[in-house]
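Student: I am new to this structure and would like a close look at one part of it. Could you walk me through a strand in the interior and then show me what lies around it?

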Amino acid sequence: MIFFSIIIPVRAVNDFIRESVSYLKKLDYPSFEVIIVTDEDEDNVFNDSRFHMISSGPVGPGEKRNLGASESAGGVLAFLDDDAYPEEDWLLKAQRIFEDLPDLYALGAPAVTPHSSTFLERLSGRIYESFLTGGNTVYRYLPKNRREIDDYPTVNLFVRKDAFNKVGGFPIEFWPGEDTKLCLDLVNISGKKFIYDPAPIVYHHRRKIFLPHLKQVSRYGQHRGQFARIFPKTSRLPFYFVPSLFVLGLFLGPLLSFFVPSLWGMYFFAVGLYLILLTIESIRISILEKNPLAFPYATVGIFLTHLVYGVNFIWGYIKKPSLKLRGVDDLSGNY
């Protein structure tokens with residue numbers, strides 16, 4: 001009997017999925033299957049009966065995952081991104097959690113920056129891990145204490161198949177954000193949140209800073225802004241509005257202060273406090289990296305992340321973002 005069906009959507013077989021498969025083959029777990037969903041028919045080059053390849057046409061990741069789920073044999077669907085790979089005991093630890101909590105319908109776990117990442121990739125990971133940018137979602141990128149959650153990305157997400165089918169799977173009109181809507185539907189139909197646990201770890205490749213990282217941030221910002229408007233339960237939270245408030249304050253503050261001079265003191269205090277926190281965090285990152293070059297990269301990266309996310313959140317709140325299936329990095333072939 002198959003307990004886990006691992007489902008991975010990908011545009012085409014690429015170096016990321018080859019790496020992921022090499023780690024999946026090493027899993028310390030007796031019975032699982034892997035369903036890789038590509039745009040077009042491709043030969044199965046993985047030489048392992050546990051690995052299946054199906055094609056979906058040029059559709060979004062949500063629709064690909066739905067197709068993979070419909071072809072699956074396992075009782076728990078393990079959703080993994082093509083540019084992520086698991087630790088050897090990933091499924092073993094996940095199974096223990098499901099066995100300990102028989103009513104658990106979904107489980108989220110951390111997606112850590114790989115040790116082999118390049119300097120520019122690691123800096124992107126450090127930015128996501130920072131309290132200045134990650135805020136109360138840092139546990140998605142670093143193992144933290146177990147907690148109840150109501151939203152989690154599909155890079156390392158487990159869902160019982162019966163619960164998945166009950167809500168009709170992923171919506172196909174969103175990307176990114178299809179995972180947020182799935183989680184919202186699961187929480188609504190079950191009447192309770194699900195669990196994050198730090199034990200079942202995967203490693204997730206980051207985009208290089210600056211441009212690839214910022215392109216990804218812009219998409220996240222637009223779709224979170226849209227969701228703040230249409231799904232207030234999970235996305236109309238103060239944390240998600242902070243970068244936009246920062247951007248508005250940064251650029252409108254001088255204009256308001258020109259007309260109300262008493263506001264200048266408040267404006268300079270806020271900017272000064274931000275610069276102090278930014279400096280402290282950049283120093284912390286440079287110490288972690290053991291590289292003084294990390295300081296300027298982190299300083300600029302965190303600031304631009306706030307700026308790009310804040311602007312795109314406002315744009316997404318005002319106007320529905322378009323569904324674009326072209327990958328950020330055309331050379332990689334991934335989403």
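Tutor: Happy to help; what follows starts at one strand and works outward to its partners, the salt bridges and the surface. Please keep in mind that this is a predicted model.

Let us begin with strand β4, which covers residues 76-80. Of its 5 residues, 5 are buried, so the strand is mostly covered. Look along the strand and you can sort its side chains by direction: Val-76, Ala-78 and Leu-80 point one way, while Leu-77 and Phe-79 point the other way. Both groups are buried.

Now for the partners of β4. Strands of a sheet pair through backbone hydrogen bonds, in either a parallel or an antiparallel sense. Our strand shows both kinds. Strand β1, residues 4-9, runs parallel to β4 and is joined to it by 4 bridges. To find this pairing in the picture, look for Ile-6, whose bridge partner in β4 is Ala-78. Strand β9, residues 156-160, pairs with β4 in the antiparallel sense, over 5 bridges. Two places help you follow that pairing: Phe-79 stands opposite Leu-157 of β9, and Val-76 stands opposite Arg-160 of β9.

Strand β9 deserves a moment of its own. Here, too, 5 of the 5 residues are buried, so β9 is largely enclosed by the rest of the structure. Asn-156, Phe-158 and Arg-160 point one way from β9, and Leu-157 and Val-159 point the other way. Besides β4, strand β9 pairs with β6 (residues 106-108), which runs antiparallel to it and is joined by 3 bridges. In that pairing, Ala-106 stands opposite Val-159 of β9.

Next, follow the chain beyond β4 to a charged pair. Side chains of opposite charge can pair when their charged atoms come close. Asp-81 meets Arg-65 in a salt bridge, with 3.1 Å from N to O. Arg-65 belongs to helix α2 (residues 61-70) and Asp-81 to the loop between β4 and β5, so this contact ties together parts that are 16 residues apart in sequence. Both Arg-65 and Asp-81 are buried.

A second salt bridge touches the loop between β8 and β9. There, Asp-151 pairs with Arg-224, and their closest N and O atoms are 3.1 Å apart. Arg-224 sits in helix α7 (residues 211-230) and Asp-151 in the loop between β8 and β9, so the pair ties together parts that are 73 residues apart in sequence. Asp-151 has a relative accessible area of 4% and is buried. Arg-224, at 10% relative accessibility, counts as buried.

Another pair is Asp-197 with Arg-146, which meet in a salt bridge of 2.7 Å, N to O. Asp-197 lies in the loop between β10 (194-196) and β11, and Arg-146 in the loop between α4 (119-129) and β8 (147-149), so parts that are 51 residues apart in sequence are tied together. At 8% relative accessibility, Asp-197 counts as buried, whereas Arg-146, at 43%, counts as partly exposed. These pairs belong to a longer list, since a search of the whole structure finds 15 salt bridges. There is also a network of salt bridges, which links Arg-122, Arg-126, Glu-129 and Glu-289.

Strand β11 brings us to an open sheet. In it, 3 strands are arranged in the order β5-β11-β7, with mixed pairing. β5 (84-86) and β7 (111-112) stand at the edges with a single partner strand each, so one side of each has no neighbour in the sheet. β7 pairs with β11 (residues 202-204) in the parallel sense over 2 bridges, and Val-112 stands opposite Tyr-203 of β11.

Finally, let us step out to the surface. A patch of negative charge gathers Glu-40, Asp-41, Glu-42 and Asp-43. Glu-40 lies in the loop between β2 (32-38) and β3 (51-55). Elsewhere there is a nonpolar surface patch of about 850 Å², made by Leu-245, Leu-248, Leu-252, Leu-255, Leu-256, Phe-258, Phe-259 and Val-260. One of these residues, Leu-255, is found in helix α9 (residues 238-259). Leu-255 has 48% relative accessibility and counts as partly exposed.

How values were computed: Residues numbered from 1 in each chain as written. Predicted model: local features only at pLDDT ≥ 70, side-chain atom pairs only at ≥ 80, totals over all residues. Heavy atoms only, no water. Pairing = 2+ DSSP bridges. Patch = residues over 30% accessible without salt bridge, like charges linked within 9 Å, V, L, I, M, F, W, Y side chains within 5 Å. Areas by Shrake-Rupley, 256 points an atom, 1.4 Å probe, with all protein chains shown as cover. Salt bridge = Lys/Arg side-chain N within 4 Å of Asp/Glu carboxyl O. Lys, Arg positive; Asp, Glu negative; His and termini not counted. Charge placed at Lys NZ, Arg CZ, Asp CG, Glu CD. Buried < 20%, exposed > 50% of the residue type's maximum accessible area, 1.4 Å probe, protein only.
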